[in-house]
Amino acid sequence: MSGQQTTEKTSGLKSDDLIVIAGAGGFIAGDLARYFHDQGFTRIRAVDKKPLPEWYQRTPGVECLCMDVSEEKNCRRVCEGAAEVYNLAADMGGMGFIERFRIECLRSILINTHMIEAAYRAGAQRYFFSSSACAYNTDLQQDPHCRALKETDAYPAMAERGYGWEKLMSEMFCQEYWAERGMQTAIARFHNVYGPNGTWDGGREKAPAAICRKVIEAKDSGKHQIVIWGDGSQTRSFMYIDDCTRGIDMIMHCDQLVATPINLGSSELISISDLVSMAEDIGHVKLQREYDLNAPKGVAGRNSDNTMIQRILGWEPNTPLRVGLARTYAWIEQQYRDRKAGKRTVE
Ligand code: NAD
């Protein structure tokens, strides 16, 4: 991690300024709290509606609050005194979750609506919103060999039902708080994030974690089979968590990117079949494949066009998938063993 580069970019922020991070009981925001703590920031307030023992990560020295930020009064309390607010709280999961629970996904609009107003009232200098590649027009993603999505591809809008439309509307809030009220907002469209400390079982997990888990389970059970959702030809890119947290910092503190949605994703495209092969390779096993054509599979193909992030930040997420997946596999394998031993795990 280039501490120097990010410290320079967090210009204006003093080490004892209050940083508020919502959704910090989950994967990305939990990692972001640790990241800022490691950068030397001494006042970090982490918030999530999950009870504290269920948080995926808790960094010592970080204030942790269990609060529902879809309620306005809680948002006011949470944002009190904040210099910067990062909103990563959302009811979300992988394709299995977002195709099935569209109402829950849409209801996350309450979170951003109240958080951004509370941040504004608190006089926060900057506000970050975690958008998603699901905000892009789905008509452009009907082919596994699709061209990568660039920022202008969100309009004319035809976002992913439920989850994607919520992201698009919340982006709009961020743009208007800058246009009408002058609050500096930052909007990153994440493309599939994976890594240690992410959900790996229970229905909300995403493809890389689900596939690692299935390979580990198959090895452990001795039943050398794997069920793949769809026909395996769907393509995606996957961003390693360290690239995501670093990218959030850089985007939030870049004056050229105020109120401007930008891709934050890897441009290394892979099919789901090849992702399975990679996980098998890491696990030193070959499995018999069964394709579940009725399972949720999302759009046929999606990749991140990184021209804009390269041009403006001179950087793009660059952890090779093979490297990040090996680390993720090792972490899930340990979680799997811990669960079998009756220890508490992340799910
Ligand atoms: P996550 O599910 O691990 O974390 C989200 C957290 O928000 C959870 O801990 C949840 O309890 C919390 N939350 C939900 N509703 C809340 C509420 N009302 N009040 C307080 N906390 C609440 O998900 P993640 O992968 O860490 O995603 C973080 C953000 O990034 C989300 O906005 C998500 O939509 C976005 N995103 C993630 C990905 C990805 O691949 N992980 C891709 C695109 C966008």
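## Arg236

Arg236 is buried (under 20% relative accessible area with a 1.4 Å probe, protein chains only) but forms no salt bridge, and Glu160, the nearest side chain of opposite charge, is 6.8 Å away. A salt bridge here requires a side-chain nitrogen of Lys or Arg within 4 Å of a carboxyl oxygen of Asp or Glu. This is a predicted model, in which local features need pLDDT of at least 70, side-chain atom pairs count only at pLDDT 80 or more, and totals for chains, interfaces and linings use all residues. Residues are numbered from 1 along each chain as its sequence is written, and side-chain values use heavy atoms, without hydrogens and water.

Arg236 belongs to strand S9, residues 235-237 (strands are DSSP runs of at least two E residues, numbered from the N terminus). Its side chain reaches the backbone oxygen of Val299 at 2.9 Å. Beyond four places in sequence, the contacts of Arg236 (heavy atoms within 4.5 Å) include Asn192, Glu268, Lys297 and Arg302.

## Nonpolar cores

The largest nonpolar core (buried Ala, Val, Leu, Ile, Met, Phe, Trp, Tyr and Cys residues joined through side-chain atoms within 4.5 Å) has 69 residues. Ile21, Tyr86, Phe190, Ile248 and Leu264 have the most contacts inside it. Helix H2, residues 27-38, gives the most to this core, with 7 residues. Another core, of 24 residues, lies apart from it and includes Val85 and Tyr177.

## Ligand surroundings

The ligand is surrounded by 26 residues (a heavy atom within 4 Å). The closest are Ile28, Asp48, Asp68, Tyr163 and Val193. A side-chain N or O atom of Asp68 is 2.7 Å from a ligand nitrogen atom, and one of Tyr163 is 2.5 Å from a ligand oxygen atom.

Technical notes
Buried < 20%, exposed > 50% of the residue type's maximum accessible area, 1.4 Å probe, protein only. Helix = DSSP H or I, 4+ residues; strand = E, 2+ residues; numbered from the N terminus. Lys, Arg positive; Asp, Glu negative; His and termini not counted. Polar contact = N/O pair within 3.5 Å; in protein donor to acceptor, adjacent residues only side chain to side chain.
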